[in-house]
Amino acid sequence: MSTPVTTSAVRLNPGTVTQYLASQRGLAGRRKAVLLRAAPEWAGAAELGWGERQRARVAAAPSPLAAYELVLAHLAADASGPEILVVLTDREESELGPDLLARVHRQRVNAVDTWDVVRQAFGAASADNRLLKDNWAAESLLDATPPAGWPQLGGGVLARPGALASLALRRLGIGRFDPDRAEQSGSPGPGLDVPALLRWSLTPGGPDRFLALRAPERAGLASFLAEEDQAGLTGKALLALVAAEHGPDAVAFGLVCAALWVHADAASATAQDYRARGRAERWFGEEPPAQGEALDALATAFGRSCEEFVSVLLLIGRSGSDDEAADARKMTGAVLNRAESLVDQFGARLAAEASPVLATGLDARFAAVGRALDGGNLSKVAEAVLAVGEHRLTLGQSSRVRAERARMAQRLAQWLATDPSTEVPNMADGITNHANQTGWVDLALEHIEAGGDTDEVLASSYNRLCSSVRTKRREIDRCFAQTLATWTAAGPDPKTAMLTVETFLQKVVAPVVKAGERRVLLVVVDGMSAAIASELGTELRQQWAEYDPTPRATGSTASSDVPRPPERRAIAAALPTVTAVSRTSLFAARLMTGTQADESRIVPTHRFWGSEKVAVFHKDDLRSETGGAVFGSELSEALAGDTHVAVVLNTVDDRLAKEQKHGDGSWRLSQIGGLQDLLRVAAAQGRAVILTSDHGHVVDRGGVKVDRDTPLSARHRAPGGALGDTEITLSGPRVVSPQTGNEIVALWDSDSRYTALKAGYHGGASLAEVAIPLLALLPFGATPPKGWRELGSPEPSWWSLTPGVPTPEPIPVTVPKKPAKATRPSKPVAPGHEALFEVAIEPAVDDGDALLTPKLLSPQDAMVGKLLSSQTFRDQVDLLARKPDLVKVEKALRALLDAGGTLPVTALAQRIGELAVRADGFAAVLRQLLNYDSIQVLETLPDGRTLRLDTDLLCIQFDLR
């Protein structure tokens, strides 16, 4: 048994008395008087409950006579009240006399061993010797006993960490003690850690619970929680702030500490920072918990903990459950607002600009982006934009949108740095270039112009940047309009491989239908521009594989000897670029003007459907007749059956007519009414999804009205009168305007209009209106239709946000023409001249005679040849337990190089003739071969399904140069 620590001067509390009574045998059910050695003082209730619905009366006896009278009165025959009387006395047994002692429990004055009572209260067989030295804790543990008692340890050891942690949890009102974990590890289990303490400080009334404790217990708990294996320096700082009555503001103060001591460290701190530190130190109280360097260490640790705590809350506020997220947002909002007030109170504004949590720090980072943009150094811009993204407040919706605008600004600056050409040599290249280049420019531009920025420095930078981009885009549109006018006037070239609205069904949809392997879902998003399609495509590629559905070369002519790699395609709209013309022409597969009724009537008549069923659905057909249905009955039936389905979605076009997007210029799948549900059904059925539009649009951002008497739409008019600077005449068979003799005047400048102000317009001759986006999609792992080629990364090279790591761009492969029958030996290359192609001499057959003829090798061919013959590569092959098919390895390397270095795993497998189910295994083998000495020559991108080959590292590792 442990040594009693209670003396005659000890003051007992209700918890001690209650636990003592419960530990005694033979008291229940009998009228007894109990003498306890203690200070004759009692501040508790006159009666206590103990055991199973037992009651006891407690009284103090400052003298032997008082004790005698209390005992005799309680044991009298006519006495009433509780059966047990507890008399607190500090008198010796010799003073009380044998007559009184003979009448009381155990015939003596009982000395209460409080630790023994504590041990029994926890059901422990013994107690930690370290715990017995904390004299203050015994009384506190008994006083804090829960109504149902402490959880039982089942005869184990009552460890000091577990016991004091359980006391802290109870006193502070945090969580619940876990006795099983406490017994095994000496820790209290979930509930008592730094985040829990910081959250507790923000709980209404939480710090007051600590202040209400008696001084010895308050000091003891503070000392315990400040130990290294508990809350450490953070706990010490927190409870010092609570004691100084700054508990509710402790976390907010911690963010200021982080700014002053963590981010404004000894190397970077200014005189202003040190003055702010001095003011902040006084918040720890008149007697701070540390001095000098120790106080610096305390404030540093506390600041870091508070930043981590608030960072986690911000993350929960974005991704937690509804109630949890709402609570986290409420808590962080209050903390951050208070922290900003304290920043001003302590004069710590300069230090706060380096904070990754405070709004002041985020504002400073945005201002840095503006300065970097004005400076023109792309590396500095990238660093500044990266710093914005690393700030914790960008987890919130408004700041996230603001940060996205900064990223878009970086991309536009990088695009301008490429000095893009404004020339548009032919329609095919102009249309394709818009899908893969200028459409992305328009996307980034719209993100910035839809919101701008509240920071004056950044707002001015955005204005200058957007002005430069618009100037360049304006010149590109001017050149395109001239090319469009020439191409339209000349009439369609039967040799052209370029997609147009009237050839789209035959070239893209018909091959899939004729193959008979899968149903088609054609979704026409009326008015969708290439910019919107680029953004939607990024979201779609998280769940779908994207393909180039055109197997033929799509240069300026079908006979081009430059086969283009897989890339995102675009379709040339009919003119004028209005729904009645371009959409009807798309569905009719011929140039005409019409209505929804015409579209629904004509589509099923196309011969390529054969015996297949097809149905077209427009806006009103999507409405369900019942509350539980997603679509109307006819559309639902068609989707569920074996019918090819075409659906027109009007969200974009309706939005342009009614409202302008302010603040956030992005378009998401969830914003296109019905699209997500359509895609969900298509994925379940394995349909081929073709997402396109009938025309694009331009957005009004301070556009100018052009006054004309004969406008036919917001962007085109009848011919006649002098042409303005922003107008161009279009005529020819692709201009469907019978009332004006198939001739119109259209606006090519995106900032001009004929009619009243709206959010956006179409009908004109700009690239954004004429180039219709096309996305061809299949569920992951699906076998593509014949001729479909899976895309790599569709973003242009300048879209990458990582300096020096551009987004790979498809590289056209030049195929040399077949050599003549007789060739002269080529002249030797002059020393110092670097040849574009290497030359290999190999036999050629000519009229039965073997000749040696030169064969041109592209740089890619030469690289692959050197790699396969290198000793390092052969050594890598020998290291593999199972030797790979080197023919497929060679094909894979060529496919990656042809695609600019990046390909989805399934696309790579398709191009080398590997089964889709073996694609991941083959990619793993390829990584083992190429990642010599653990250098990531071939890596898998974060999406988990795209491979990227670093050609520079490949050449270095295998000595190919």
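Is Glu634 buried or exposed? Glu634 counts as exposed, because its relative accessibility is 60%, and the cut-off for exposed is over 50%. Welcome to this structure, which is a predicted model. The protein has 961 residues, and buried residues make up 51% of them. Here is a short tour, from the whole chain to single residues.

**The protein as a whole**

- You will find 37 helices and 27 strands in the protein.
- Among contacts with a separation of 6 or more, 72% are between residues 24 or more positions apart.
- The protein exposes about 43,100 Å², and carbon and sulfur atoms supply 51% of that area.
- The structure holds 50 salt bridges, and a few of them are introduced below.

**A charged patch on the surface**

- Glu634, the residue from the opening question, lies in helix 28, which covers residues 633–640.
- Together with Asp621, Glu625 and Glu637, Glu634 forms a negative surface patch.

**Helix 7 and what covers it**

- Helix 7 runs through residues 135–143, and its buried residues are Trp136, Ala137, Ala138, Ser140, Leu141 and Leu142.
- The cover over these buried residues includes helix 1 (14–23), helix 5 (114–121), helix 8 (160–172) and helix 12 (215–225).

**Salt bridges around helices 8 and 12**

- Two of the helices that help cover helix 7 are also joined by a salt bridge, between Arg171 and Glu217, whose closest N and O atoms are 2.6 Å apart.
- This pair links distant parts of the chain, with Arg171 in helix 8 and Glu217 in helix 12, 46 residues apart.
- Both Arg171 and Glu217 are buried.

**A salt bridge between Asp128 and Arg130**

- Asp128 pairs with Arg130 in a salt bridge, and their closest N and O atoms are 2.9 Å apart.
- Asp128 counts as buried because its relative accessibility is 15%, under the 20% cut-off.
- Its partner Arg130 is partly exposed, with a relative accessible area of 47%.

**Helix 26 and its neighbours**

- Arg583 forms a salt bridge with Glu599, and the closest N and O atoms are 3.1 Å apart.
- The pair links distant parts of the chain: Arg583 belongs to helix 26 and Glu599 to helix 27 (residues 596–602), 16 residues apart.
- Arg583 counts as buried at 4% relative accessibility, and Glu599 is buried too, with a relative accessible area of 2%.
- Elsewhere, salt bridges that share partners join Asp548, Glu567, Arg569 and Arg789 into one network.
- Helix 26 spans residues 579–588 and also holds Thr584, which counts as buried at 1% relative accessibility.
- Leaving aside residues up to four places away in sequence, Thr584 touches Thr579, Met592, Thr593, Gly594, Thr595 and Glu599.
- Glu599 therefore appears twice in this group, as a contact of Thr584 and as the salt-bridge partner of Arg583, and its cover leaves a relative accessible area of 2%, so Glu599 is buried.

**Glu449 in helix 22**

- Glu449 lies in helix 22, which covers residues 427–449.
- At 24% relative accessibility, Glu449 counts as partly exposed, a class that sits between the cut-offs of 20% and 50%.
- Not counting residues up to four places away in sequence, Glu449 touches Cys466, Arg470 and Arg701.
- Glu449 and Tyr462 are 13 residues apart in sequence, and their C-alpha atoms are 8.4 Å apart in space.

Key
Residues numbered from 1 in each chain as written. Predicted model: local features only at pLDDT ≥ 70, side-chain atom pairs only at ≥ 80, totals over all residues. Heavy atoms only, no water. Patch = residues over 30% accessible without salt bridge, like charges linked within 9 Å, V, L, I, M, F, W, Y side chains within 5 Å. Areas by Shrake-Rupley, 256 points an atom, 1.4 Å probe, with all protein chains shown as cover. Salt bridge = Lys/Arg side-chain N within 4 Å of Asp/Glu carboxyl O. Lys, Arg positive; Asp, Glu negative; His and termini not counted. Charge placed at Lys NZ, Arg CZ, Asp CG, Glu CD. Helix = DSSP H or I, 4+ residues; strand = E, 2+ residues; numbered from the N terminus. Buried < 20%, exposed > 50% of the residue type's maximum accessible area, 1.4 Å probe, protein only. Contact = heavy atoms within 4.5 Å.
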